[in-house]
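Colleague: Got a minute to go through this model with me? I'd like to know what stands behind the labels.

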Amino acid sequence: MSEDGESAGELEARLPDGETFEPPASFVEQANVSDEGIYEAFEEDWPACWERAADLLDWDDDYDTVLNDSDAPFYEWFTGGSLNASYNCVDRHVEAGRGDEAAIEWVGELGETRTYTYDDLHREVNEFAAALRELGVAEDDVVTLYMPMIPELPVAMLACARIGAPHSVVFAGFSADALATRMESADSEYLVTCDGYYRRGDVLPHKEKADEGLASVGHDVTTIVADRTGEEYDHPMADGEHDFDELLAAHEGATVEPVQRDAEDMLFLMYTSGTTGKPKGVKHTTGGYLSYVSWTAHAVLDIKPEDTYWCSADIGWITGHSYIVYGPLALGTTSVMYEGTPDYPEKDRLWEIVEDYDVTQLYTAPTAIRAFMKWGAEYPNRHDLSSLRLLGTVGEPINPRAWKWYYKHIGDESCPVVDTWWQTETGGMMITTLPGVGEMKPGSAGPPLPGISANVLDQSGDPVDPGEAGYLTVDKPWPGMLRTLYRNDERFVEEYWREYSDPEDDEWVYFPEDGAKLDEDGYITVLGRVDDVINVSGHRLGTMELESAIVGVEGVAEAAVVGGDHDIKGEAVYAYVITEDGHEGDEALRERIVTGVEDAIGPIARPEDVIFTPELPKTRSGKIMRRLLEDIANGDELGNTNTLRNPEIVDDIAGKVGGD
Ligand code: WTA
């Protein structure tokens, strides 16, 4: 249980402190959902209640069954129905006469802006879809998109969706190796990338990284390169590679009929970290996923077509897929897309954007809120933030102090804050208050959404008493759920459905691998991962992936990686390393380790500290005691060392942390 590795003080600071907040009346009055009867209505009418989500979309063929559970846990939703995601996110708004309204407001790092109306989006998505077709992309071919936050990314996603080619977006901050692994795993023969992009004013070469990744992909790949930096970065273009803008120009005015996709056809693939070394290819479908993200964007984010909504995540992660692109655009709103970082050129950048665009909802991560808090209220105070109506957070637990700061200094105590728990695998939000209905308790995400059945169980599968820590589980399927792990049904069942299910009785319980607490009102406080996944600034990193990157560095014999507490990032990576004979644990090796991790995964995985040690604390059966290593990283009192084979090493290691 993650609680083990946590100091009592630290955990306490994260738990709700009893203070509650009512949703502001001004919000409730206009909320998309304000009837508390919705929970009961969903329960009584389950699973048919999910038609409400499907009704937010336009279907080509109506579905005949809401839920097919005949082959659980391989559930199917809205079977018999067909639709196209790009039609739902673009065409239907144009057909409704809203073509001249903004779909995407893009703000570049250097201050440039681009507005894509629904007409613009329609034109580019069609042209790019035509180009992809001409390059040979067929229905069901996986197209990899290795792109930063530039408008060509959502254009490419929607173009893929239009022709029924699932996309696999690889976060631009991931390394060349990470790109190659994902392309190989998906047998993806098409790559859309870009020349470079900006970070704090500097150009980051991106095409070189893509080329380096491609060099280790074992099959032929057709590559398309978008131009972000103009003349500023002269990137290498090989023969046969295609320029994004030239392709659009070559297909100017082309239209492509949206392909009718079966509700259960794959919309996209998204790789995420798990307990074992290889990233998992999470498969999301067209009907269930799109219904679910539209429904949650409507009910939780309170999105209306006339809003200017902003989710500050990166589209390279699930949050960006669901709540920058698919959910908001399906609802026909204006979605803000910001390329840069919150502190460039100044620490008030986000607030400047909120003011300039009259942003109505802001959805961000606790790690960002903790940074804003540290920088101080003077930055938001410089701006008029009165356009804001709702605030949201996602990605990691938010401590009550940060919640209240956000509520007060950003929301002026007049915007509800939704603390939304969900995962790459769940497709969309699962646990959060409904902003127009429920009382808010800082530090607790809230009750499961209507139609979602979540419980907190102990190890043997019994519900824990209110206030006790246990394991979060979900015992009814939902439309946005992953359908499988790409080409690995066995691992899908193994990873998510083994722990608490009873296959003999056909009882299936989804295990998200998070620890949680439940209070008397049914509010859930998510405590964090209980598997070997570290959550750094809301990004999931597998310890096994990190360890294998470190062990791959010359001079390293063995490594153990744990997550230690971090004021801003939530958790940070701590690496304990045993050197090979003949190698010193010196600055040079430390640098090689850091570079090794950056090359294997990306800069987000950069270790906070590398601690050299002659041994790792191990149990008599040879298992590394990670809990102790976490205690050491956190400077906590050390847990029990009785069961160790080598207890003396613990003090030895503890002496090195912070000291070097
Ligand atoms: C954590 C991101 C506490 C959790 C959408 C989960 C949270 C993992 C919250 C999924 C929250 C996400 N409170 N913890 N509101 N939201 N998490 O797949 O541990 O990148 O399992 O999806 O983030 O991360 P993922």
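**Around helix α5**

Modeller: Start with the buried residues of α5: they pack against β3 (82-83), α6 (118-134), α7, β14 (266-272), α11 (287-299) and α12 (318-330), where contact means heavy atoms within 4.5 Å. Helices (H or I, at least four residues) and strands (E, at least two) are DSSP runs, numbered from the N terminus. The model is predicted, so local features need pLDDT of at least 70 and side-chain atom pairs 80 or more, while totals for chains, interfaces and linings use all residues. Residues are numbered from 1 along each chain as its sequence is written, and side-chain values use heavy atoms, leaving out hydrogens and water.

Colleague: Why is α5 called largely enclosed by the rest of the structure?

Modeller: Because ten of its 14 residues are buried, meaning under 20% relative accessible area (1.4 Å probe, protein chains only). Among them are Tyr87, Asp91 and Arg98.

Colleague: What makes α5 bend, by definition, and where?

Modeller: The bend is the angle between axes fitted to the seven residues ending at a residue and the seven starting there. At aspartate 91 that comes to about 40°.

Colleague: How do you know that aspartate 514 makes a polar contact with the ligand?

Modeller: A polar contact is a pair of N or O atoms within 3.5 Å. A polar side-chain atom of aspartate 514 lies 2.6 Å from a ligand oxygen, so the pair qualifies. Asparagine 535 has a polar side-chain atom 3.5 Å from an oxygen atom of the ligand.

Technical notes
Buried means under 20% relative accessible area, exposed over 50%, partly exposed in between (1.4 Å probe, protein chains only). A polar contact is a pair of N or O atoms within 3.5 Å; within protein, one must be able to donate a hydrogen and the other to accept it, and residues adjacent in sequence count only if both atoms are side-chain atoms.
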